[in-house]
Amino acid sequence: MADTTNLAPGDGLPLGRDAGVRVLSIDVRWNTGTETALSERIGLAAMPLVRDRVESREHVVHSNQPATPDETTRLGASNGVVEVDLAAAPADVERVVVLAFVHPRANASKRTLDEVSDLSITFRDDASGREIARTDNLARAIGPVTAAAVAEVVRDGDGWRVNVSARGFEAGLDGALQQAGSRL
């Protein structure tokens with residue numbers, strides 16, 4: 001664990017070519033305490049962006065679309081995990097944005113991410129399981145929104161970097177997707 005970097009919103013960490021990470025595993029964990037109804041409504045999505053735009057709805061990874069068509073961005077085997085194949089990502093993908101969101105439910109009260117007592121991320125080398133970086137609780141920084149960009153994997157010269165975010169969106173996952181044309 002001595003090699004692990006602790007990141008806060010706004011922080012980033014270059015992975016570089018020499019880091020040897022082929023597939024990056026982004027493990028997003030949340031704790032809602034006794035709020036099981038809220039816990040069951042939280043989801044994860046990932047969007048590879050080309051020129052700051054999602055190519056199509058098929059390129060938005062979430063529970064109903066577990067991988068991009070080329071499978072370079074996909075949900076992991078465990079709940080709350082997104083995997084990005086850095087080595088195989090198309091050359092025009094500039095970044096992959098990872099979002100946490102609250103699923104809307106008909107006839108249910110609106111819930112927001114600030115009701116989560118803890119939301120944290122661990123970045124790992126998928127092949128070895130080696131922890132590269134982690135965050136402390138991001139829930140405090142997110143606020144009363146229904147979706148938030150929590151992490152980005154960004155092309156950085158010949159390598160990649162991870163950035164931690166806490167940018168919220170009022171209109172849930174659909175609102176975040178509609179803003180995909182702007183800088184998340």
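1. A quick definition before anything else: buried means under 20% relative accessible area, exposed means over 50%, and partly exposed is what lies in between. Glutamate 35, with a relative accessible area of 33%, is therefore partly exposed. Keep in mind while reading that this is a predicted model.

2. On the overall fold: the chain's secondary structure consists of three helices and twelve strands. Its radius of gyration is 15 Å, close to the 16 Å that the globule rule gives for 184 residues, so the chain is as compact as a globular protein of that length. Along the principal axes, the C-alpha atoms fill a box of roughly 50 × 40 × 30 Å.

3. Some numbers on packing and surface. Of the 184 residues in the chain, 51% are buried. If you take the contacts with a separation of 6 or more, 68% of them come from residues 24 or more positions apart. The chain exposes about 8800 Å², and carbon and sulfur atoms supply 43% of that area.

4. Now the charges. The chain has 20 positive and 27 negative charges, and the mean positions of the two sets are 3 Å apart. As a reminder, side chains of opposite charge can pair when their charged atoms come close. Here the count comes to eleven salt bridges, and a few of them deserve a look in the viewer.

5. Start with glutamate 35 again, since it has a partner: arginine 111 forms a salt bridge with it, the closest N and O atoms being 2.7 Å apart. Arginine 111 sits in the loop between β8 (95-102) and β9 (118-125), and glutamate 35 in the loop between β3 and α1 (36-39), so this pair ties together parts that are 76 residues apart in sequence. The two partners fall into separate classes of accessibility: arginine 111 is buried, at 13% relative accessible area, whereas glutamate 35 is partly exposed, at 33%.

6. Next, have a look at arginine 95, which is buried with a relative accessible area of 2%. Its side chain meets that of aspartate 52 in a salt bridge (2.7 Å, N to O). Aspartate 52 is in the loop between β4 (42-50) and β5 (53-54) and arginine 95 is in strand β8, so the pair ties together parts that are 43 residues apart in sequence. Aspartate 52 itself counts as partly exposed, at 24% relative accessibility.

7. Arginine 95 also has glutamate 152 as a partner, with a salt bridge between the side chains at 2.5 Å, N to O. Glutamate 152 belongs to strand β11 (residues 147-156) and arginine 95 to strand β8, so here the parts tied together are 57 residues apart in sequence. Glutamate 152 counts as buried, at 8% relative accessibility. Elsewhere on the salt-bridge list, Asp27, Arg29 and Arg124 are joined into one network by salt bridges that share partners.

8. One last residue to check: arginine 22. You'll find it in the loop between β2 (12-14) and β3 (23-31), partly exposed at a relative accessible area of 47%. What is arginine 22 in contact with, leaving aside its neighbours within four places in sequence? The contacts are Val84, Asp85, Leu86, Ala87 and Ala88. For orientation, arginine 22 and phenylalanine 123 are 101 residues apart in sequence, and 13 Å separate them in space, C-alpha to C-alpha.

Definitions and conventions: Residues numbered from 1 in each chain as written. Predicted model: local features only at pLDDT ≥ 70, side-chain atom pairs only at ≥ 80, totals over all residues. Heavy atoms only, no water. Helix = DSSP H or I, 4+ residues; strand = E, 2+ residues; numbered from the N terminus. Rg over C-alpha atoms; globule rule 2.2 N^0.38 Å. Buried < 20%, exposed > 50% of the residue type's maximum accessible area, 1.4 Å probe, protein only. Contact = heavy atoms within 4.5 Å. Areas by Shrake-Rupley, 256 points an atom, 1.4 Å probe, with all protein chains shown as cover. Lys, Arg positive; Asp, Glu negative; His and termini not counted. Charge placed at Lys NZ, Arg CZ, Asp CG, Glu CD. Salt bridge = Lys/Arg side-chain N within 4 Å of Asp/Glu carboxyl O.
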